[in-house]
Structure formats: structure tokens, C-alpha cells
Amino acid sequence: MSTTLAGPPSSCCWTGIKHTGTAEGRIEPLGGLDTYIAELHTGATSGAHKKVILFLSDVYGPLFINNKLLQDYFASCGFIVLGPDYFFGVPIQDMPTDLDKATWVNRARAKALEVFPKWFDAVKATYGTETTKYTAVGYCFGAPFVLDLAAEGSITAGAIAHPAFLEESHFEKITRPLLLSCSEDDFTFQLEARRRAEDILVRNKSSYYFQVFSGVAHGFAVRADPNVPDQRWAKEESARGIKEWFLRFSA
């Protein structure tokens, strides 16, 4: 049985700062799921191939303003960004405060795993060409989807930030480059687990890159406080690093 390296979402996943800004994408049904679609730059479709990012969100969902703004950022850099709402309009922040969150997460995960393949098939039918390059980024809840895609060879590169629900086997199986954006303090992906993941990647001669940020905690890449300089820098550098990683493998 594979050893757990990143545990399930917990109390650190329900906290953070809500950002402000005007989202520029749109919401459309795709493969049975409402999907946030950001394509703000002609470079996403005007070159020799389309560059598509699958944005697999944390428990706040892709329609949370912080996640919309992140998707818009990636789109402004030349990608088509697609964020499936696998929470069906009821992300964690819209649930009652006395909710048993662990039960909610487990049910949400089972449903997301069920509907994701159909959604990805619809993505490929809509955006796929012989030269389309797919990448995927997963935050917390969304991380295992990325590693599954990287194991299948369905993407050219993946990235995860403060991940949840990961086993050693996820890292054993990947066949595509992986960026890991991590906080020094992370209850779900602790230091020993992070180093074990690196050991596996080294042993398998995988293509990988670690970002590890001090002074921040789980959730920083989405819900950091922009008024705290260290948190703001870490969040922005995480996004910039992921963008550069994807540009490298989407060229």
C-alpha cells in the first residue's frame, strides 16, 4: 500500500484573504461542468499551436475571485485557461459554518473524480488540435488530478501548489515534468513528505523543480494577504514560476 505524502484538506484550507479585482474571463458549460474560461491574449491561438492550462482549483473553486484573478494572469501570458467547477456551485466557503468539512471534502472529491474525465474529453474535443499543448496546475484539492494527468502523459507539464491527497505512487508514476510550489510550513505536505517526494523524483530521474517559500503557510499561492510583503511576493513568485514552467514546455 502506497504511503501518504500529502494529507487531506484541513483547517488551514478554510482560511485566507479574499482578494479584490475585476475578473475578465467568462463562465460557460463544458463537459457537464460550469467552466471559467480565460483567453485574454491572441498568442494563445495565433501561433503554431494552442496553449491550454487546466486550472484545478482548491476547495474554494475556480469561480472564487482569487482563483479567477490567477486564471486571468495565466491567460494574459498567452494561455487559454480552463477552470472546471467540480464543486457544482457550492464550494466550501458557501457551506454552513457548522458543516462537517471532512465529510464534505470526501464527498466532493468522489464526485470530482467521477466527472473530471468527461470534462477533459470535452476540453480536447473543443480545443484540441494535433499540436495543442496541455498543461495543468492544481492547488491543494486539485493536485492529484495533475499528477494523474502527468502519469497518463495527457499533459506536457504539470504544477502543484500546497498539495493535498497525494501518495508516493503519484510521484512514482509521473512521466511529465512537474513543478512543486511549496510553503515551508504546510500541515498537509510536511517537510519529511516533501523530501520523500524529491527522493522519488531524483531516483526516477524525473524532470522537476521545487519552489519552497519561507514565511508563508498552506494556501499562500491563492489566499495570501497582499498587505503582507512576504506573502504577496511568495504568491506572485509562485504564479510567475508556474507560468514560466508552462511556457518552457508549451513552446
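Let's start with a right-handed β-α-β unit, made by strand E9, helix H6 (residues 191-203) and strand E10. The model shown here is predicted.

**Strand E9 and its partners**

Strand E9 covers residues 178-185, and six of its eight residues are buried, so the strand is largely enclosed by the rest of the structure. It pairs with two strands, as the table shows.

| Strand paired with E9 | Bridges | Direction | One facing pair |
|---|---|---|---|
| E7 (residues 157-161) | four | parallel | Ala161 and Ser181 |
| E10 (residues 208-217) | seven | parallel | Tyr208 and Leu178 |

**Helix H3**

Next comes helix H3, residues 101-127, which bends by about 35° at Phe116, with a proline, Pro117, following within four residues. At the start of H3, the backbone nitrogen of Ala102 lies within 3.3 Å of a side-chain oxygen of Asp100. Phe116 is itself among the buried residues of H3, which also include Trp104, Trp119, Phe120 and Tyr127. What do the buried residues of H3 pack against? Their neighbours are strands E2 (26-30), E3 (33-38), E4, E5 (80-84) and E6 (133-139), together with helix H4 (143-152).

**Asp58**

Strand E4 (51-56) also leads us to Asp58, found in the loop between E4 and helix H2 (65-76). Is Asp58 buried or exposed? Its relative accessibility is 1%, below the 20% cut-off, so Asp58 counts as buried. The side chain of Asp58 makes a polar contact of 2.8 Å with the side chain of Arg223. Leaving aside residues up to four places away in sequence, Asp58 touches Arg223 and others, including Asn67, Phe87, Tyr139 and Val222.

Technical notes:
Residues numbered from 1 in each chain as written. Predicted model: local features only at pLDDT ≥ 70, side-chain atom pairs only at ≥ 80, totals over all residues. Heavy atoms only, no water. Helix = DSSP H or I, 4+ residues; strand = E, 2+ residues; numbered from the N terminus. Buried < 20%, exposed > 50% of the residue type's maximum accessible area, 1.4 Å probe, protein only. Polar contact = N/O pair within 3.5 Å; in protein donor to acceptor, adjacent residues only side chain to side chain. Contact = heavy atoms within 4.5 Å. Bend = angle between axes of the 7 residues up to and from the residue. Pairing = 2+ DSSP bridges. Right-handed = clockwise from strand over helix to strand, strands pointing away.
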